[in-house]
Amino acid sequence: MSDRVSVTIDGGVADVRLNRPDKLNALDQAMFDALVETSGALADEPSLRAVVLSGEGRAFCAGLDFSGFQRMAADEPTDDSFAGSLGSRPEGAITHHAQQAVYGWTDLPVPVIAAVRGAALGGGLQLALGADIRILAPDAQMSVLEIRWGLIPDMTGTRRLVELVGLDVAKELLFTGRMVDAAEAVRLGLATRLADDPHAEAMALAHEIAARSPHAIRAAKRLLRAAAGRSEAEGFAAEREEIGALVGSPNQVEAVQAYFERREPHFADPD
């Protein structure tokens, strides 16, 4: 794994931290590569139950490495940290490299919880939006900052913004790039809730999730992710398919038996 991202797994919970605190965890080429590599490796881990995604130091992620913009303002060529971050789109993939740095977390089969303190700006905001749940410290600040640089969100952010806050609010945030504090982020739907220690809260929630049947948790995430793109009939059919696979399965039976026997359940890993 790259030194840009650290990973510790305990009890099925992966504690994933962006590890560039001296640069406010800004996104350079190495960070993009590490995010894609890490999410891909975790996707292949059958014992994984939940993920907490955070940033070391005083910020979650301040967005693209600012040095690329400084060189652009001076009419100097940018290097791989800036221009090369988009990357190519592999045949058959729905994302290019920068999009996959975010979508890899959305696409994980288990819940991902972003613990955000300080700045989550531009690409950093998009990374937080790629999680299923966002817990913010009171000092957190969010912005769709790309408009400041004459750009647009290009790391799956336009879709996620509309899903979370609605079309009109998404337009206002994108067109202005204004800063949103933590309390407003919760009101708008950019964040789930506030906590004085978002990492501790996120880890506690992740371990609570990890104690549930992994087959049921993964089925729930599949259904909820696909809900927006399905008709009612398709959504109901998907529910029937998922519940049919769960009822009577070993982990479902174990959940019932553990409840009535007043003990902790012991679940098998998904295949």
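**Exercise 1.** Determine in which sense strands S3 and S4 pair, and which residues stand opposite Ile113.

*Solution.* Strand S3 (residues 50-55) pairs with S4 in the parallel sense over 3 bridges. Here strands are DSSP runs of E with at least two residues, numbered from the N terminus, as are helices (H or I, at least four residues); two strands pair if DSSP finds at least two bridges between them. Within this pairing, Val52 has Ile113 of S4 as its bridge partner. Next, S4 also pairs with strand S6 (residues 133-136), in the parallel sense and over 4 bridges. There, Ile133 of S6 stands opposite Ile113.

The model is predicted: local features require pLDDT of at least 70 and side-chain atom pairs pLDDT 80 or more, whereas totals for chains, interfaces and linings use all residues. Residues are numbered from 1 along each chain as its sequence is written, and side-chain values use heavy atoms, without hydrogens and water.

**Exercise 2.** Establish how far strand S4 is covered and where its side chains point.

*Solution.* Of the 5 residues in S4 (residues 112-116), 5 are buried, that is, under 20% relative accessible area with a 1.4 Å probe, counting protein chains only (exposed is over 50%, partly exposed in between). Val112, Ala114 and Val116 point one way; Ile113 and Ala115 point the other way.

**Exercise 3.** Place S4 in the context of the protein as a whole.

*Solution.* The secondary structure comprises 11 helices and 9 strands. Buried residues form 46% of the 271 residues. Finally, the C-alpha trace spans about 70 × 40 × 40 Å along its principal axes.
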